[in-house]
Amino acid sequence: MVVGDIATGTQVLVIGAGPGGYVAAIRAAQQGLDTTLVEKDAYGGTCLNYGCIPSKAFITSANLAHEAGHAEEMGIHADPVVDMSQLRDWKDGVVDQLTGGVEKLCKANGVNLVEGTARFKDENAVRIAHGGEGQGSETIEFEQCIIATGSRPIQIPGFDFADEQVWSSRDALASDTVPERLVVVGGGYIGMELSTTFAKLGADVTVVEMLDDILPGYEADVARVVKQRAKDLGIDMNFGEAASGWTEEGEGILVTTETEDGEESEYRADKVLVAVGRSPVSDTMEIENAGLEADDRGFLEVNDFRQTSVENIYAVGDVVADTPMLAHVASKEGIVAAEHIAGEPVAFDSQAVPAAVFTDPEIGTVGMTEEEAEEAGFEPVVGQMPFRASGRALTTNHADGFVRIVADDPSGFVLGAQIVGPEASELVAEVAFAIEMGATLEDVASTIHTHPTLAEAVMEAAENALGQAIHTLNR
Ligand SMILES: Cc1cc2nc3c(=O)[nH]c(=O)nc-3n(C[C@H](O)[C@H](O)[C@H](O)COP(=O)(O)OP(=O)(O)OC[C@H]3O[C@@H](n4cnc5c(N)ncnc54)[C@H](O)[C@@H]3O)c2cc1C
């Protein structure tokens, strides 16, 4: 049956059910607004289906297998066998549980769910094309709209994700096999998380990066700790090389790279994973019909309330310019947009945005680095605590890395932290909270931390900045 173009109306229309969109929809409904959420693929978006959650499931499994097989020092002798198809089923189960939960939460909060692809007719209406043959379309009129259409992986010339030898991160995380040889193009956070994971699962991994280091945007001493561990895991890293193409060779492929000077190299592999970044999805919604225009990279510009240049149309998450492409940023922006629509006095405050990289070891950062604090006109004081001086870190057998805390001198207000080491993704939350609360070094240092924990290293870093550290030499 073909459903005709029936027009319905809603106060708030949210396009895209990723962590930006579904959170915005729930908060709008909680505010008593009649809210409709339209999704063309899967509830939970990239994050739950193809990104954060599947990658962390793979990382956990790879860590477990690797640790169990490398614990002779502790008297544990094991040779774990990884059943990739079972591992993938388990990962899929976790994803299903979470995406099912998102759908239930939306319904329980009174959000109207619509499946289909939204395209703008004008600044107050979208047409929804329902997927599949004969599914028809409908028009939804709205008072306010929140665009949360996310991002997609960037393809580079010569590497087509349609080819089975060429993996996007999504393909890698859907795989039920481990390639014997894997070339990873891109040493950013997704490239390094997946390199480490596949190396631990038994692949022979080669990273090719155009820049001269991994993890651009992170301080050199932070990246160095991850790079050393990657080397120890046998990952071969090649810098200053851009991947230029690949050809089939025997049973595998040959990936070619080129330096700026035109010097070529070749790497044998079974798969090539291209992880060179993500681009915003703003080009499939006919935004021009609503009077909207994306910037030259496809991002939508927004103000502090996440309003675009068209007042009743908001944008949140990966599709937005100037904020990092992170799930928790998308969710926060979604809440701000929904509450602003409801008339609440809110704004997006990006002072303390934590970020984590789930490499080995992990990285957790928030706020300013020492250099950024200086540039911003502060006279920063810095304290550091190496994990090798932490009792708990030593008992986990993971003592590489450090906690660094940056604060204003003399007020002591905490400005930022850079953590590289065990559980850095969790530890950074304490410093994010400190910044949000306007806490000082003294507040952090005088808070009694449980012993023995990794969190004590945050306290010790604050003590170090104050010249009062007990377990490490004061600067
Ligand atoms: C491998 C990987 C690992 C990652 N790990 C992390 C991590 O550890 N931590 C972290 O914070 N972030 C991580 N990210 C990034 C995170 O996934 C994104 O920042 C986040 O998903 C962005 O949320 P969003 O709501 O803006 O968009 P998305 O999650 O991309 O959701 C957008 C949704 O909109 C839908 N859509 C698009 N166009 C339309 C349309 N016209 N009509 C209807 N629906 C539409 C899409 O189908 C999609 O479901 C990772 C990403 C990847 C790829």
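So, in what order do the five strands of the open sheet come? Going across, the order is β18-β19-β22-β21-β20, with antiparallel pairing. Strands here are DSSP runs of E, at least two residues, helices are runs of H or I, at least four residues, and both are numbered from the N terminus. Two strands pair if DSSP finds at least two bridges between them.

Quick housekeeping: this is a predicted model, where local features need pLDDT of at least 70, side-chain atom pairs count only at pLDDT 80 or more, and totals for chains, interfaces and linings use all residues. Residues are numbered from 1 along each chain as its sequence is written, and side-chain values use heavy atoms, with hydrogens and water left out.

Back to our sheet. β18 (355-357) and β20 (380-386) sit at the edges with a single partner strand each, so each has one side without a neighbour in the sheet. From one strand to the next, the twist averages 10°; axes are lines fitted to C-alpha atoms, for helices over the stretch in contact, and angles run from 0 to 180 degrees between N-to-C directions.

Helix α13 (residues 456-465) packs on this sheet, touching β20 and β21 (402-408), where contact means heavy atoms within 4.5 Å. The helix direction makes about 135° with that of β20.

Inside the sheet, β19 (residues 362-367) pairs with β22 (residues 414-421) over six bridges, and E362 faces G421 in β22.

Now, how many disulfides are there? Zero, counting a disulfide as a pair of cysteine sulfur atoms within 2.5 Å. Take C145: the closest cysteine sulfur, in C106, is 16 Å from its own, too far for a bond. C145 is also buried, at 0% relative accessibility, with buried meaning under 20% relative accessible area (1.4 Å probe, protein chains only). C47 is buried too, at 12%.

Technical notes. Buried < 20%, exposed > 50% of the residue type's maximum accessible area, 1.4 Å probe, protein only.
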